[in-house]
Amino acid sequence: MEWIPREENVVTSEAEQAPDGEILGKMIREARKEKGLTLEEAAGAAGIGRSTLSKIENNQTKPSFDIIRRLMQTLELETPQLFVQTGKSDISGRRDFTPSGQGEHKETRTYDHELLCNELSSKRMVPYISTIKAREAADFDSWVRHSGEEFMFVLSGELTLYTEHYRPLQMKPGDSVYYDSGMGHGCVSTSEEDAKVLWVSLQG
């Protein structure tokens with residue numbers, strides 16, 4: 001008998017809900033169509049119901065982060081912001097600490113992200129260290145884009161930053177750049193070793 005995913009756990013508590021449901025839905029729908037997948041095919045690959053995926057794409061439900069992670073993996077999306085719980089908080093005096101090398105790893109085909117200070121349930125800034133595995137622009141199926149602004153600092157290796165409206169930017173250790181992350185972008189390592197960068201994203 002065909003297994004039918006249970007859907008009653010789709011909606012989670014407010015602290016665990018994904019931010020920017022409309023943007024998330026649009027991003028997932030566009031990624032699915034770029035891969036030529038139907039709702040049924042994409043939902044089946046991610047282990048969720050077709051109606052659940054349809055509701056997510058149309059911002060009619062707020063998915064759990066487990067579901068978001070499965071969809072990101074299925075559609076090979078390169079946006080680490082969606083792995084992190086974000087939003088506003090009335091709590092002041094917060095602090096989070098990540099020992100060296102002990103961040104939460106999220107690997108994609110083109111990046112290996114280490115999410116830092118990931119214990120806070122709500123924050124607007126998303127810090128992470130990324131190893132850039134991509135070696136040419138063709139390694140990306142499409143531009144990476146998400147709402148907000150982004151700061152990048154090159155820790156080691158050399159890379160080229162491709163952006164939608166500018167010429168490719170060659171960068172080396174110590175270089176930094178700040179840009180609108182809603183603009184299509186992507187990084188490619190050009191040194192013998194994979195480049196490593198510190199990214200800080202501010203949610204829009």
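The legends below describe an overview and close-up views of a predicted model.

**Figure 1. Overview of the predicted protein model.** The protein has 4 helices and 9 strands. Along the sequence the elements run α-α-α-α-β-β-β-β-β-β-β-β-β. Of its 204 residues, 44% count as buried. Among contacts with a separation of 6 or more, 67% join residues 24 or more positions apart. The accessible surface amounts to about 11,400 Å², and carbon and sulfur atoms contribute 48% of that area.

**Figure 2. Close-up of helix α4, residues 65-75.** The buried residues of this helix are Phe65, Ile67, Ile68, Leu71, Met72 and Leu75. These residues lie on the same side of α4 because they cover an arc of only 155° around the axis. The buried residues of α4 pack against three helices: α1 (21-34), α2 (39-46) and α3. Glu76, placed just after α4, takes a positive phi of about 55°.

**Figure 3. Close-up of Lys55 in helix α3.** Helix α3 spans residues 50-57, and Lys55 is found in it. Is Lys55 buried, partly exposed or exposed? Its relative accessible area is 39%, so Lys55 counts as partly exposed, a class that lies between the cut-offs of 20% and 50%. Leaving aside neighbours within four places in sequence, Lys55 is in contact with Gln60 and Thr61. The view also takes in Gly25, which is 30 residues from Lys55 in sequence. The C-alpha atoms of Lys55 and Gly25 are 8.4 Å apart in space. Helix α3, in which Lys55 is found, is one of the helices against which the buried residues of α4 pack.

**Figure 4. Close-up of the largest pocket.** The volume of the largest pocket is about 470 Å³. Its lining consists of 24 residues, and those closest to the pocket centre are Met27, Glu30, Ser142, Trp143 and Arg145. Which element supplies the largest share of the lining? That share, 6 residues, comes from α1. By residue type, the lining of the largest pocket divides into 10 charged, 8 nonpolar and 6 polar residues. Helix α1 (21-34) is also one of the helices against which the buried residues of α4 pack.

How values were computed
Residues are numbered from 1 along each chain as its sequence is written. This is a predicted model: local features need pLDDT of at least 70, side-chain atom pairs count only at pLDDT 80 or more; totals for chains, interfaces and linings use all residues. Side-chain values use heavy atoms; hydrogens and water are left out. Helices (H or I, at least four residues) and strands (E, at least two) are DSSP runs, numbered from the N terminus. Buried means under 20% relative accessible area, exposed over 50%, partly exposed in between (1.4 Å probe, protein chains only). Contact means heavy atoms within 4.5 Å. The arc is that of the directions from the helix axis to the C-beta atoms. On a 1 Å grid over the protein atoms alone, a cavity is a set of points where a 1.4 Å probe fits but cannot get out, and a pocket is an open set with protein on both sides within 12 Å along at least five of seven lines; lining residues have an atom within 4 Å of a point. Grid points are joined across faces, edges and corners, and a volume is the space filled by probe spheres set on the points. Ala, Val, Leu, Ile, Met, Phe, Trp, Tyr, Cys and Pro count as nonpolar, Asp, Glu, Lys and Arg as charged, and the others, Gly among them, as polar. Accessible areas come from the Shrake-Rupley method with a 1.4 Å probe; for residues, only the protein chains shown count as cover.
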